[in-house]
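Please open the structure in a viewer and keep the sequence panel visible. The stops below are arranged as a series of selections.

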Amino acid sequence: PSPSSGGKEGSTKAQRKLAQAGQQERGRGEAPRHGVSSPPVPAAAAPNVAPPPLPPMRTSKLHDEIFAFAQASITRGEAAHAEVQGILASLRALVSSRWPQATVELYGSRATGLSLASSDVDVTLLGVPCGAGREAVGGALKELHALMEGQPWVASQKLVLSARIPVLKVATPSSIPVDITISDSAQHTGLLARDLVLGYLSEAPQLTPLVLVLKSFLRELGLNDPYTGGMSSYSLVVLLWLFVCESAHRGYNTTDLGYQLLGFFSMFLYRFDSQVTHVDDPLSPMITAPGEPRENIMHSCYQIGRVCRTFHRALQLLSPETPEWDDPATPLLPRLFSEASSANRATQTEATATTPPPAAARTPPSSGGSSAAASAPPPDSAAASAIASVVEELTAEVEAQSTAEAAAAPPVPPAAKGETPSAEDAKPLAPSPPPPPSPASGAAGPVAASPECRRGVAEEAATKQRC
């Protein structure tokens, strides 16, 4: 306290409270704390009243919906649990018959409890005596492919030996995909990732419902497959774990799933809308040498722009400022899944509609053009004028550069007397193509650009749309 009368009074009050606390502790037979010594009081004088119970913490409506969604998702996944266990038992019997010392390990979302009803079964074989190298692993997978022919749980098989990790893809009659690999090198991090995710879930159980909701949401939008530019389940878990740790470190609430989901959307947009596309793999120190760059878990997410737009739309729909936030008659998650996905489809349709047509379809009709060419709609006047002016500037710049190069070149010596010029030297110089006509002042109608310029503009527009 400051050296004023108010500070002294506050200090005196604090001393009186400490003295009272010491008297109560004396009455309970405890040693006095805070260095305050007071005479003991009888035990009967100490109040024997239980403290009032704390009121239950009120969670948001979105929290309850996320929790209910996760429970329903886990229940649906349990329906296929028995079939998955049967597949693993049959596969273990086949592998043991060919390689007795080999074992079959389950990893991925089926092993961590973060699977959806449509999630695949990721299996790897340990202890297969095939040696290291892609060819050796491919040969072992071919043997396994032959062993699995005719199995009742195998509907079809496909060997993908050109992948970074060769894989045998199996489809079951019940449409449960099974991916079988052989763990022969440090590049196969499936088991390490499984143990890492299980550690995350044990320390932060709230990750499970958040991951299930976000996986389902991204699946509805076609953004959950890394092979098509979406986010992998592993990168989603790592980002959520980092966000929960950062929230706890800053003192934010990490128990309300609704506010955690909104905070994750905000964090993702803040980080990845700023062109941040590299996230270190937590497993990199285990598989890379010191000094080497760490693996990027977002390297395959080339649709990061769509992910950001989708999360931005979700943040608008779920904002606590909306009247639906506290309205018990309006559920939030179904609204998120329906409206955000429809908005995303509308965005894709608009982008497709605004894509410039091919150059051949936009070629201006010539003087003797056919009726089909003549029926083509005329280009926009302002756009055509802008294109023509750009072409003029580029042509002038190229001509000026050619003139400067010709002036700087050494003069060609004249042919000696009696020499006959070669056939190559005797060829006349080809005239340079005339520059495109500039728009005349007061001319009626738009000025058409060249097909090459139109093609370049179309390619640039398509590149911007892809970005």
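Begin by selecting Ser 175, which sits in the loop connecting β4 (167-171) with β5 (177-182). The model is a predicted one, and the backbone at this position merits inspection. Most residues other than glycine have a negative phi. Ser 175, although not a glycine, has a positive phi, near 65 degrees. Is Ser 175 buried or exposed? Its relative accessible area is 65%, and because exposed means over 50%, Ser 175 counts as exposed.

Next, select Pro 293, found in the loop that runs between α10 (284-287) and α11 (304-317). With a relative accessible area of 70%, Pro 293 is likewise over the 50% cut-off and therefore exposed. Add Asp 280 to the selection and display the distance between the two C-alpha atoms: Pro 293 and Asp 280 are 13 residues apart along the chain, and their C-alpha atoms are separated by 9.0 Å.

From that loop, continue into α11 itself. How does the span of α11 agree with 1.5 Å a residue? The 14 residues of the helix should span 20 Å, and the C-alpha atoms at its ends are indeed 20 Å apart. Now colour the buried residues of α11: Ile 304, Arg 306, Val 307, Cys 308, Thr 310, Phe 311, Ala 314 and Leu 317. When viewing them, recall that an α-helix has 3.6 residues a turn, so residues three or four places apart point the same way.

The next selection is a pair of helices, α2 (residues 61-78) and α9 (residues 257-272). Their axes lie 6 Å apart, and the helices pack at an angle of about 95 degrees. Because 65 to 115 degrees counts as roughly perpendicular, α2 and α9 are placed in that class. To see the contact, show the side chains of Leu 62, His 63, Ile 66 and Phe 67 on α2, together with Leu 257 and Leu 261 on α9; Gly 258 of α9 also takes part. Which kinds of residue make up the contact of α2 with α9? Five are nonpolar and two are polar, with no charged residue.

Finally, zoom out to the whole protein chain. Its secondary structure consists of 16 helices and five strands. Of its 467 residues, 33% are buried. The chain exposes about 28,000 Å², of which carbon and sulfur atoms supply 58%. Among contacts between residues at least 6 apart in sequence, 64% join residues at least 24 apart.

Note on methods. Residues are numbered from 1 along each chain as its sequence is written. This is a predicted model: local features need pLDDT of at least 70, side-chain atom pairs count only at pLDDT 80 or more; totals for chains, interfaces and linings use all residues. Side-chain values use heavy atoms; hydrogens and water are left out. Helices (H or I, at least four residues) and strands (E, at least two) are DSSP runs, numbered from the N terminus. Buried means under 20% relative accessible area, exposed over 50%, partly exposed in between (1.4 Å probe, protein chains only). Contact means heavy atoms within 4.5 Å. Accessible areas come from the Shrake-Rupley method with a 1.4 Å probe; for residues, only the protein chains shown count as cover. Axes are lines fitted to C-alpha atoms, for helices over the stretch in contact, and angles run from 0 to 180 degrees between N-to-C directions. Angles under 35 degrees count as roughly parallel, over 145 as roughly antiparallel, 65 to 115 as roughly perpendicular and the rest as oblique. Ala, Val, Leu, Ile, Met, Phe, Trp, Tyr, Cys and Pro count as nonpolar, Asp, Glu, Lys and Arg as charged, and the others, Gly among them, as polar. The expected span of a helix is 1.5 Å times one less than its number of residues.
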